[in-house]
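Trainee: Could you take me closely through the way the helices of this chain pack against one another, and then through the charged pairs found around them? I would like one connected account that goes residue by residue where possible.

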Amino acid sequence: MSKQSILKITQLCCATILFLCVWSAPSYLTSDVAKACTNLIVTKGASAENACFITYTADSAGLFARLGIVEASDGSFKPDGGVDVFPEGYATHKVFGFIADSFQGVMNDCQVAMAETTWEGREELFNTYGRFKYGELMTATLQGASTAREAVELMGRLVAEYGYIDEGESISICDKNEAWIFDICGTGSTSAENNQGSVWVALRVPDGEITAHANLARIGVFPKDDPENCLYSPNVESFAIEKGLYDPNSGEPFSYYKAYGINDVAAKRVCEKRVWSIFRRAAPSLNLSVDYAQGVEGAEPYPWSIKPDHKLTVAEIAALMRDHYDGTEYDMSEGVDAGPYGYAMRCRPLYWEVDGEKYAWERPISTQQTGLSVITRSTSNLPDVVGGLVWFGWDDTYTTCYTPIYACSTALPPSTIIGTKTRFDIKTGWWTYNFVANYAYPRYKEMLPDIQAVQSELENYFYAAQGPIEKAATELALTNPELAISFLTDYSIMQTEKARERWEQLANDLLVKFNDGYTRQPDGSYPNVGYPEEWLRRVIKESGDRFRLPKEE
């Protein structure tokens, strides 16, 4: 072994020991299924890291998942969780993702990343024949594509050849340089002889801008003569005309989401309002009105994409995915429906009816029904083995902790690949984060500061560590890529497991501090907690004299 190699390994060991020492410091001891999932896309020019980001919340009641890897093929293709649609001799990419009902890819070894939100669409367009559901389609695409544009083109070919059998989907795609949204739905294919029907359009997000989608078709009017920025199926407009979904003589330009989507008032309230919330916080200067999300007649739809007021850091991107409409008139921690302790969740169903009147709870980005969420990063500033990063979190985005997992990893953190949703196990990451969140819900505003303190402690550490870790890994990758991968695999496992252990300690601390309706003080005393006066006044107003004590003579 050369002196240079020995020096690099020594530097690597020193860096690892340094971070282990920091970890051992004392401070670290102390569904409505159809209205699920939210995506934010941040282009390279809108990012402080000069990288493309995609966020994804996998929202569905009781969603339990494990992380997984589909290995690359050398040409003798073996699916092993992937999709066997490639010819013999076709070399495929390694894919990092998760397994719920089946494997769903998130990022491949070329830093191509994908995520989705379901928008259902018109029931008469659901295909009953076809090969691909959206998760399989995404996985196969990540196995076969080296860039975002290749991913768009490959998805188009796959659904044309094998057929699409799923609801309407908006799929986010990015690589190291650009980002796209791919909207797709079926054509109502009902026979094996006509099993390949789908209509789709893909639009590139302008560099320097961000966009978001949340369970509604995102692409409206699109350019038909700009193949650099827009691709679509040949039947995208003709099929709408054939089915009476678009009148070319109306004088209105063809809009994908108007033809194939469902944008009624109820859907806007629980879907477009999430887009509004992201846009309003990323670019307050735009002063975007909530009217469209509220279903106000004649209100202007939100822009396809916007330029944020400043370039976004990963911490700010994570913050955009943590939201209960805080500080607005729709703040879910306020009002009688939030109870005395500011409970910011609402039990399903989202829509309900009393005395013939229809209502809808607010549906924020953060929800108790999130099974997992990710923030992917793809960057041309680093080698692929270092640049492909997934910030990963279990459960509700508001109370999770995002830990770094590099997509090149050859093994996964033990707590992310064990457990079931039918048996509680505090050593399973999904259950650790679920326990803390669920224990906090009844006294939410009281416990939330304790959770956020640990959340900030861990995430700020990870953000600070990222630079030195990636510098060391990049130097290793220049001479020994396999050692760099091993280093980043170990780092990903160590940080994810340490965070889970810290969250288990947090669970213990919350149980001890917030016990039996009291809040235990450092001196061991248990003073009364009581209720906010405003809430007590509501109790009096509704209950009349039920709780009133008679006045003493």
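Mentor: In this predicted model, the crossing of helix α2 with helix α3 is right-handed. The two helices, α2 over residues 134–144 and α3 over residues 148–162, pack with their axes 9 Å apart and at an angle of about 125°. That angle makes α2 oblique to α3, because it is neither over 145 degrees, as roughly antiparallel would require, nor within the 65 to 115 degrees that count as roughly perpendicular. On the side of α2 the contact is made by L137, A140, T141 and G144, and on the side of α3 by E150, A151, L154, M155, L158 and V159. By class, these contact residues comprise seven that are nonpolar, two that are polar and one that is charged. The spacing of such positions can be read against the geometry of an α-helix, which has 3.6 residues a turn, so that residues three or four places apart point the same way.

The surroundings of α2 add to this picture, since nine of its 11 residues are buried and the helix is mostly covered. Those buried residues are G135, L137, M138, T139, A140, T141, L142, Q143 and G144, a list that includes L137, A140, T141 and G144, the residues with which α2 touches α3. What covers the buried residues includes α3 itself, together with the strands β3 (66–70), β4 (95–99), β5 (103–108), β6 (113–120) and β7 (168–174). Helix α12, at residues 533–543, offers a contrast: none of its 11 residues is buried, so α12 lies largely in the open. Just after α12, G544 takes a positive phi of about 65°.

Within α3 it is worth pausing at R149, which belongs to that helix. With a relative accessible area of 18%, R149 counts as buried, because the cut-off for that class is under 20%. Beyond its neighbours within four places in sequence, R149 is in contact with E178, W180, R204, P227, E228, N229 and L231. P253, by comparison, is 104 residues away from R149 in sequence, and the C-alpha atoms of the two are 25 Å apart in space.

Moving on to the later helices, the axes of α9 and α11 come within 9 Å and cross at roughly 30°, and the two helices are therefore roughly parallel to each other. The crossing of α9 with α11 is left-handed. Here G429, T432, Y433, F435, V436 and Y439 of α9 meet A499, R500, W503, E504, L506, A507, L510 and L511 of α11, and the residues of this contact divide into 10 nonpolar, two polar and two charged. Helix α11 also packs with α10, their axes coming within 10 Å and crossing at roughly 170°, which makes α10 roughly antiparallel to α11. The contact of α10 with α11 draws on 22 nonpolar, three polar and four charged residues.

E504, one of the α11 residues that meet α9, leads to the charged pairs. Side chains of opposite charge can pair when their charged atoms come close, and the structure holds 22 salt bridges. One of these joins K427 to E504, with N and O 3.0 Å apart. This pair links distant parts of the chain, 77 residues apart, with K427 in the loop between β16 (403–406) and α9 (429–440) and E504 in helix α11 (residues 481–513). Both ends are partly exposed, K427 at a relative accessible area of 43% and E504 at 22%.

A second bridge, that of R377 with E470, has its closest N and O atoms 3.0 Å apart. This pair, too, links distant parts of the chain, for R377 lies in strand β14 (residues 370–378) and E470 in helix α10 (residues 444–479), 93 residues apart. R377 and E470 are both buried. A further pair is D337 with R346, whose side chains meet at 2.9 Å, N to O. In this case D337 is partly exposed, at a relative accessible area of 38%, whereas R346, at 5%, counts as buried.

Note on methods. Residues numbered from 1 in each chain as written. Predicted model: local features only at pLDDT ≥ 70, side-chain atom pairs only at ≥ 80, totals over all residues. Heavy atoms only, no water. Axes fitted to C-alpha atoms, helices over the stretch in contact; angles between N-to-C directions. Helix = DSSP H or I, 4+ residues; strand = E, 2+ residues; numbered from the N terminus. Parallel < 35°, antiparallel > 145°, perpendicular 65-115°, else oblique. Left-handed = near helix turned anticlockwise from the far one by under 90°. Contact = heavy atoms within 4.5 Å. Nonpolar A, V, L, I, M, F, W, Y, C, P; charged D, E, K, R; others polar. Salt bridge = Lys/Arg side-chain N within 4 Å of Asp/Glu carboxyl O. Buried < 20%, exposed > 50% of the residue type's maximum accessible area, 1.4 Å probe, protein only.
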